[in-house]
Amino acid sequence: MSALLIRGGMIHDALHQEPYQADILCLDGKIASVGERLAAPEGCEIVNAEGCQVYPGFVEAHGHVGLDGYGIGYEGHDYNEMGDILSPQLRAVDGIKPGDFAFEEAAAAGVTCVCTGPGSANVLGGTFAAVKTYGRRVEDMLVRADVAMKCAFGENPKRCYREKGNSSRMSTAAKLREMLFKAREYDRKIRAAGDDESKLPPFDMKLNALLPVIRGEIPLKAHAHQADDMFTAIRIAKEFGVKLTLEHCTEGHLVADLLAAEHLPMAVGPTFGNASKYELRKKTWETPAILDKAGCQISIITDAPVTPLKYLPLCAGFAVRAGMDPFHALQAITINPAKHIGIEDRVGSIEVGKDADIVVTDGSCFEIGTNVLHVFIDGKAQKTSVQFAEA
């Protein structure tokens, strides 16, 4: 049995508004107990965290790390299939590179779990996976292999497939609807066949991949920056009765009250950097705060590698500076993204029974200059460095 005791730190568990001083005992990669003056089992590794801040491992709800990572460039990237605008059959697990340095860099900064998958060139891009940022093969990193089906609205599908029959937002919406219609009918025929294999419809790889969406097992993960694109995603999801999460939400602050009424998980970002295209021209660090105050469930994202994953806590700090409640900003990089991708039973907070993904720092995780002293993923120590202070 492996044992780890983190003693005397100020714990920010992402559940309680106020931090508190306590010990955390981890056994075999899980949090076994949180309390005062916990006894250390024989052979236990003890980390003195007195005077330090202790956080759950930070969680990224949306990015492309491992598929488009550190120093890969166009030739090496695997995050978009450019030959087929409708490719729901693709799975992130078949393209993730565990050796991507971006994983090591993220882990060193306390980002311990990420949701990564296909990009936004395609109307349907494939399924995202939730993985830890440490491991030598994908199977060792997996939290969940299929967490959401990527779809995209706005500029990207139009630009990437303009010469291949998709030059308008109407075309994008129509292509998505057509696939969902077909998948729904495919599902109906499968259910009608029952145990009689002779009545099954001919196997269709794309429609089969969409069955978890049609059956409500995973959501559509909708890339949408502009307000009109977000509402198109909502409209189509309602038409087919499927689950939905909104990704990017750049103009969310303009329609915060309307989005709050939909009660959908929203991932906001990437906000750090230049407005590289038309639909980003209204981006602002105030968006997370405005949506949060309207009552929305907000995750802050880097969309890595657009912004390096190591700056996820710093992005939350910028949101705080722009008016977001600090506790809610912490939740936006811990428990909220865990809920967003459906793995809150494993990660996102310091609770008994959850994975021992824990970060120890010498100051606020939101501040430049804070040192990451210890990072544990599944109770195992990771290399650390002063990530928040690096340019």
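Helices here are DSSP runs of H or I with at least four residues, and they are numbered from the N terminus. I keep that in mind for the first entry. The model I am looking at is predicted.

**Entry 1: helix H2**

I started with H2, which spans residues 101-108. How many of its eight residues are buried? I get six, so I note H2 as mostly covered, with buried meaning under 20% relative accessible area. The buried ones are Ala-102, Phe-103, Glu-105, Ala-106, Ala-107 and Ala-108.

Next I asked what these buried residues pack against. My list has strand S7 (111-116), strand S8 (124-132), helix H3 (138-141) and strand S15 (372-377).

Then I checked the two ends. At the start of H2, a side-chain oxygen of Asp-100 comes to within 3.0 Å of the backbone nitrogen of Ala-102. After H2 comes Gly-110, and I read a positive phi there, near 95°.

**Entry 2: strand S7 and its partners**

S7 was on the packing list for H2, so I went there next, and its burial was easy to note: six of its six residues are buried.

Which way do its neighbours run? Strand S6 (residues 58-63) pairs with S7 in the parallel sense, over four bridges. S8 runs antiparallel to S7, and four bridges join these two as well. I wrote down one bridge for each pairing: Val-59 has Cys-113 in S7 as its partner, and Val-114 has Val-131 in S8.

**Entry 3: the nonpolar cores**

I looked up the largest nonpolar core and found 81 residues in it. Those with the most contacts inside this core are Phe-58, Leu-124, Leu-220, Leu-244 and Leu-246. Helix H7 (residues 227-240) gives the largest share, seven residues. A second core, separate from that one, has 16 residues, including Ile-31, Cys-52, Ile-358 and Phe-376.

I picked Leu-124 for a closer look. Leaving out residues up to four places away in sequence, Leu-124 touches, among others, Ile-85, Leu-86, Pro-88, Met-149, Cys-151, Leu-176, Met-179, Leu-210 and Leu-220. Ser-87 and Lys-150 are also on its contact list.

**Entry 4: rings**

A search of the whole structure gave me five aromatic pairs. Tyr-55 and Phe-58 have ring centres 5.9 Å apart and planes at 45°, so I call the pair tilted. Both Tyr-55 and Phe-58 are buried.

Phe-181 and Phe-240 make an edge-to-face pair, with 4.8 Å from centre to centre and 75° between the planes. This pair links distant parts of the chain: Phe-181 belongs to helix H5 (residues 169-193) and Phe-240 to helix H7, 59 residues apart.

Are Phe-181 and Phe-240 buried or partly exposed? Phe-181 has 44% relative accessibility, so I put it down as partly exposed. Phe-240 has 9%, so it goes down as buried.

I also found a cluster: ring pairs link Phe-272, Trp-285 and Phe-318.

**Entry 5: charges over rings**

Last, I looked for charged ends sitting over rings. The charged end of Lys-221 sits over the ring of Phe-128, 5.2 Å from the ring centre. Likewise, the charged end of Arg-281 sits over the ring of Tyr-278, at 3.7 Å from the centre.

Key. Residues numbered from 1 in each chain as written. Predicted model: local features only at pLDDT ≥ 70, side-chain atom pairs only at ≥ 80, totals over all residues. Heavy atoms only, no water. Buried < 20%, exposed > 50% of the residue type's maximum accessible area, 1.4 Å probe, protein only. Contact = heavy atoms within 4.5 Å. Polar contact = N/O pair within 3.5 Å; in protein donor to acceptor, adjacent residues only side chain to side chain. Core = buried A, V, L, I, M, F, W, Y, C linked by side-chain atoms within 4.5 Å. Pairing = 2+ DSSP bridges. Phe/Tyr/Trp six-rings, centres within 6.5 Å; stacked < 30°, edge-to-face > 60°. Lys NZ or Arg CZ within 6 Å of the ring centre and 35° of its normal.
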